[in-house]
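Colleague: I've got a few labels I'd like you to justify. Can we go through them one at a time?

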Amino acid sequence: MQESTPLISNDAVVLGLLFGILALVFGTASSKRPFWKKFYRVVPSVLLCYFLPSIFNTLGIISGSESKLYLVASRYLLPTSLVLLTLSIDFKGIIKLGPKALIMFLSGTLGIILGGPIAVLLVSIFDPSVIGGVGPDEVWRGLATVAGSWIGGGANQTAMLKTFGASPELFSSVIAVDVVIANLWLAFLLFWAANPQKIDKIFKADSSAIEELQKNIQAYRGSIMKIPNMGDTFKVLGVGFVITGISHWIADYVAPWIGNNYPQLQKYALDSTFFWIVVIATSGGLILSFTKARNLEGVGASRLGSVLLYVLIATVGMQMDLFAILDNPSLFIVGAVWMLVHISIMLIIAYLIKAPFFFVAVGSQANVGGAASAPIVASAFHPSLAPVGVLLAVFGYAVGTYGAYICGLLLQFVSN
């Protein structure tokens, strides 16, 4: 992991840099020059918003681990973005998407559970150290925490740390594997989200329900669109940030209350403040979609929501340090093989049930990335689909501890 002092440590300067990157990307993406048109046919703009900050972090110009920007973006901008992106959602349309989304999510969970032990077995053939260690330093204990993160999230990862007792040194090593491998997979998904039709054609997938949902949302937006004035803009931002404030207020009471009174619910991450913030904000947006507040879409609710989401994408990107791979190559090979097993199982099941790539991408990220990045991947397909990512991520929190515990036991079995 990156330990040296970054060239830029002032978050105000880092934020300016990130906005400069976003302005550059979207400025060139909207350019009519032939070069930029050809460039963005190959490289999606959302991928650059994610990847360019990671380069600055990898080179030590900024530090994602020291910056507080991700915390601010994930706790304040993400829930506000989810409210604004959900305002105009066609809830009936989401229901019509059918069971394939849930099937792909569960297949992703299965891929994580089986992928860890398979990866350890394969890599140990060439490097027996991946099944080495004594006591708290046994490698499998650390890898079990990765399973918690990749099926659920931070709360599930902490639960696995407490359950299997990995040492602090081992835990810090596997954290690097968790972050880098998960972020590389996120980058791949963002790339393919720009053109999923090729994969859908191979899978002979029926994406008509997704396309119908997108068309309905676009038709609705077109019918209410108008040029916003200052009052309209503040109404949009007011609704978003007020719901976010309410989400924080409720979460600050509910999460500790559950943790103190019902500790058995911790395995579902129900004592996580972030979990409740995301769930309440999304629920608030869904409730408002049945009211006149839905008309705020006509003055740019989803556009402003997307702006906030892209700021989050930039702060997520600055968490990745590619040089961390050099710290412990064997562990990263385990992580890479693990992710490949996860991906392979998902693609095989998607092919068998003819599921659109959207369900593969969002189902995978709802496992691996959770509520912070599943909406990012979903919105990369279409902004109106962001709530699908949140809803699946909630399942991840629910099954994360169970799935990771099973994976931990399997890791222990193959390591002994």
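Colleague: Leaving aside neighbours within four places in sequence, which residues is Ser364 in contact with?

Modeller: Keep in mind that this is a predicted model. Beyond those neighbours, Ser364 touches Trp185, His342, Met346 and Phe359. Ser364 itself sits in helix H16, residues 357-368.

Colleague: Why is Ser364 called buried?

Modeller: Its relative accessible area is 0%, and buried means under 20%, so Ser364 qualifies.

Colleague: And what makes the link between the side chains of Ser364 and Trp185 a polar contact?

Modeller: The two side chains come to 2.6 Å, and the cut-off is within 3.5 Å for a pair of N or O atoms.

Colleague: Now the rings. Why is the Phe26 and Tyr310 pair called edge-to-face?

Modeller: The count is 18 aromatic pairs. For Phe26 and Tyr310, the planes are 75 degrees apart, and over 60 counts as edge-to-face. Phe26 is in helix H1 and Tyr310 in helix H14, 284 residues apart.

Colleague: Why does Phe26 count as partly exposed?

Modeller: Its relative accessibility is 32%, which falls between the 20% and 50% limits, so partly exposed is the label.

Colleague: What makes the Phe357 and Phe381 pair tilted?

Modeller: Their planes stand at 50 degrees, neither under 30 nor over 60, so tilted is what remains. Both residues are buried.

Colleague: Last one: how do you know that the span of helix H13 agrees with what's expected?

Modeller: At 1.5 Å a residue, its 16 residues should span 22 Å, and the end C-alpha atoms are 22 Å apart, so the two agree. H13 is also mostly covered, with 12 of its 16 residues buried.

Technical notes
Residues are numbered from 1 along each chain as its sequence is written. This is a predicted model: local features need pLDDT of at least 70, side-chain atom pairs count only at pLDDT 80 or more; totals for chains, interfaces and linings use all residues. Side-chain values use heavy atoms; hydrogens and water are left out. Helices (H or I, at least four residues) and strands (E, at least two) are DSSP runs, numbered from the N terminus. The expected span of a helix is 1.5 Å times one less than its number of residues. Buried means under 20% relative accessible area, exposed over 50%, partly exposed in between (1.4 Å probe, protein chains only). A polar contact is a pair of N or O atoms within 3.5 Å; within protein, one must be able to donate a hydrogen and the other to accept it, and residues adjacent in sequence count only if both atoms are side-chain atoms. Contact means heavy atoms within 4.5 Å. Rings of Phe, Tyr and Trp (its six-membered ring) pair if their centres lie within 6.5 Å; planes under 30 degrees apart count as stacked, over 60 as edge-to-face and the rest as tilted.
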